[in-house]
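Subject: Handing over a structure, with notes on what was found

Dear colleague,

Please find the structure below, followed by some notes that I hope you will read with the structure open beside them.

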Amino acid sequence: MSDSTVELSRAQWGSRFGFLMAMLGAMVGAGNIWRFPYVTGESGGGAFILAYFVLLLILAIPGLIAEVGFGRYAGRGVIGAFRKVVSSRGLVGLGVVVLVVNVALMSYYSPVVGWTLYYAVHALMGTFTAGGFEPAAFWDGFRASAALTIGTHTATMALVGAVLYLGIRRGVERLVIYAVPGLVLALVAITGRALTLEGAADGLAFTFGVDWSKLALGQTWITALGQVLFSTGLGWGIALTVGSYLPDYDDIPIGGGVFTVIGNSSVGILAAFAIFPIVFAFDLDPASGASLTFVSLPQVFPQMAGGVLWAILFFVGFFFAAFTSAILITEVSVTTLSEETAFSREQTVVAVCGAIWLLGIPSAYWPSIFGFLDFVFGNFGLPLATLAIIGAIGWAMGPERLRVLEINRNAGLYVPSAWNPVVRYVIPLVMLGIVANYAWANFGTPQMIGGVAVFVGVPAFGYALMSSLESRRDRLAEDEAR
């Protein structure tokens with residue numbers, strides 16, 4: 001497909017609010033409501049949250065501003081954006097790195113969305129407040145059933161495909177402008193109820209009390225880095241893709257980055273406010289891991305006045321949060337591949353959703369595969385994808401060029417030149433330092449070996465693939481010119 005055809009047929013956001021809700025909806029998902037609380041519980045509470053906020057300020061805000069601006073500058077999907085700024089055919093393969101990581105993440109994220117769908121349906125049925133309900137047995141029975149885990153994963157990808165099939169304005173934008181505000185209102189309501197429970201103060205003390213010795217541990221920082229990248233979407237290609245649909249005259253690359261980080265962190269804290277007071281009020285274990293949301297919380301609803309309503313608010317809101325993220329994650333591959341191939345958007349939606357569904361079946365059924373992929377791609381793959389995007393901006397395009405041409409254009413608030421070295425040096429060095437420290441501390445473990453294989457193997461694959469495809473593309477262009 002020619003560049004001119006892409007430019008003439010490319011959709012745009014219908015409103016600024018729609019763009020901002022898409023950014024927030026993409027980032028505010030299971031990463032905030034499921035992953036953030038249980039990782040906080042496992043990592044000791046306040047020390048983890050402090051490390052998390054430090055990395056938000058250093059990495060996420062300047063990085064998301066850069067990624068949104070890069071997307072609008074390129075007006076393309078991930079591979080097209082890299083092609084616009086790098087000179088080497090092989091380095092276009094950095095876009096393939098982002099796509100591979102994105103698809104891998106979505107393959108095990110879709111089953112999580114399926115979990116939330118299953119619980120939302122049962123919340124509407126009143127299951128969690130019925131007599132004799134056993135949360136642990138309910139969860140174990142669900143996870144042990146191939147029909148249920150693969151079935152909800154299948155339903156998730158079918159729903160994602162249906163929304164994406166409608167396109168940017170009619171599908172994605174129509175959903176997020178209602179789902180995201182509804183989620184925030186539900187969390188505010190649950191938080192208000194949770195803070196009135198006896199013992200809520202202990203939950204807040206756990207959440208915000210800092211054990212300073214934990215800040216000296218590499219584990220705290222690598223976990224915080226993984227959570228920052230998982231919950232803000234930095235490096236997934238989402239901000240680049242969402243930004244590529246911005247009109248040229250709009251002034252919101254800055255606002256998109258700042259608003260997303262503030263909104264994302266606010267929802268994460270709201271989730272902690274909602275969950276940990278309940279956990280401590282009912283003497284539950286805050287370090288119970290990934291089951292915290294699905295096993296611990298359902299024990300509480302029968303003991304709360306209006307428990308059916310609170311269960312519905314929480315799990316339906318949880319589903320919509322996870323679902324909007326899944327839509328925008330998948331949109332990265334749909335946008336890129338529909339531009340890079342001869343297939344229509346509708347055909348690409350079917351192909352991408354089908355591929356993610358197939359790749360996600362092992363994670364849907366085997367918890368060990370899910371856990372391994374979450375660790376390797378969450379802690380190694382995401383930093384790799386982020387380094388690819390930030391590297392293209394900082395070293396191929398140049399942050400000063402992006403700052404002048406896109407970020408400060410039409411803006412009422414200007415990003416100063418001090419932002420340039422942050423993008424070029426600080427973000428890559430901080431990320432590489434954290435990943436290297438953790439890899440060294442866990443030398444020889446299967447997770448570390450898998451992470452290093454991702455760090456080395458995926459870029460090599462992307463370089464070789466795009467070197468071949470770009471050479472073929474150039475030969476075809478020369479033949480057409482003759």
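A salt bridge, as the word is used here, is a side-chain nitrogen of Lys or Arg within 4 Å of a carboxyl oxygen of Asp or Glu. Please keep in mind from the start that this is a predicted model, and that the values below were computed from it.

Salt bridges

By this rule the count comes to 4 salt bridges, and three of these pairs are described here. Side chains of opposite charge can pair when their charged atoms come close.

One of them joins the side chains of R72 and E406, with 2.7 Å from N to O. Because R72 belongs to helix α4 (residues 46-74) and E406 to helix α18 (residues 399-407), this pair ties together parts that are 334 residues apart in sequence. As for their surroundings, R72 is buried, and E406 is buried as well.

Another salt bridge is formed by E340 and R83, whose closest N and O atoms are 2.8 Å apart. Here too distant parts of the chain are linked, since E340 sits in helix α15 (residues 307-340) and R83 in helix α5 (residues 78-85), 257 residues apart. With a relative accessibility of 26%, E340 counts as partly exposed, because that class covers the values between under 20%, which is buried, and over 50%, which is exposed.

Helix α15 appears again in the pair of E331 and R345, whose side chains meet in a salt bridge at 2.7 Å, N to O. E331 is in helix α15 while R345 is in helix α16 (residues 345-365), and the two are 14 residues apart. Are E331 and R345 buried or exposed? Both E331 and R345 are buried.

Pocket and cavity

The second largest pocket has a volume of about 520 Å³. It is lined by 23 residues, and those closest to its centre are Y38, V39, E42, D374 and F375. The elements that give two or more residues to this lining are α3 (30-42), α7 (135-144), α11 (218-232) and α17 (367-397), and the largest share, 6 residues, comes from α17. If you sort the residues of this pocket lining by class, you will find 12 nonpolar, 6 polar and 5 charged.

A search of the whole structure also finds 2 cavities of 30 Å³ or more, and the second largest cavity has a volume of about 40 Å³. Its lining is made by I33, L183, L187, I190, L313, F314, G317 and F318. Two elements, α9 (168-194) and α15, are those that give two or more residues to the lining of this cavity. Which of the elements gives the largest share of the lining of the second largest cavity? That share, 4 residues, comes from α15. By class, the lining of this cavity has 7 nonpolar residues, 1 polar residue and no charged residues.

A nonpolar patch on the surface

On the surface there is a nonpolar patch of about 430 Å², made by W395, Y425, V426 and L429. Helix α19 (residues 419-441) gives the most to this patch, with 3 residues. V426 lies in helix α19, and at 33% relative accessibility V426 counts as partly exposed.

Residues apart in sequence

You may also like to locate three pairs of residues, for which the separation along the chain can be set beside the separation in space.

T241, which lies in helix α12 (residues 238-244), is buried, with a relative accessible area of 1%. The C-alpha atoms of T241 and R76 are separated by 7.3 Å, although these residues are 165 residues apart along the chain.

L50 has its place in helix α4, the helix that also holds R72. At 32% relative accessibility, L50 counts as partly exposed. From C-alpha to C-alpha, L50 and W221 are 9.9 Å apart in space, while in sequence they are 171 residues apart.

T232 belongs to helix α11 and, at 0% relative accessibility, counts as buried. Between the C-alpha atoms of T232 and N264 there are 6.6 Å, and along the chain the two are 32 residues apart.

With best wishes for your reading

Notes: Residues numbered from 1 in each chain as written. Predicted model: local features only at pLDDT ≥ 70, side-chain atom pairs only at ≥ 80, totals over all residues. Heavy atoms only, no water. 1 Å grid on protein atoms, 1.4 Å probe; cavity = no way out; pocket = protein on both sides within 12 Å on 5 of 7 lines; lining within 4 Å. Points joined across faces, edges and corners; volume = space filled by probe spheres on them. Nonpolar A, V, L, I, M, F, W, Y, C, P; charged D, E, K, R; others polar. Patch = residues over 30% accessible without salt bridge, like charges linked within 9 Å, V, L, I, M, F, W, Y side chains within 5 Å. Areas by Shrake-Rupley, 256 points an atom, 1.4 Å probe, with all protein chains shown as cover. Buried < 20%, exposed > 50% of the residue type's maximum accessible area, 1.4 Å probe, protein only.
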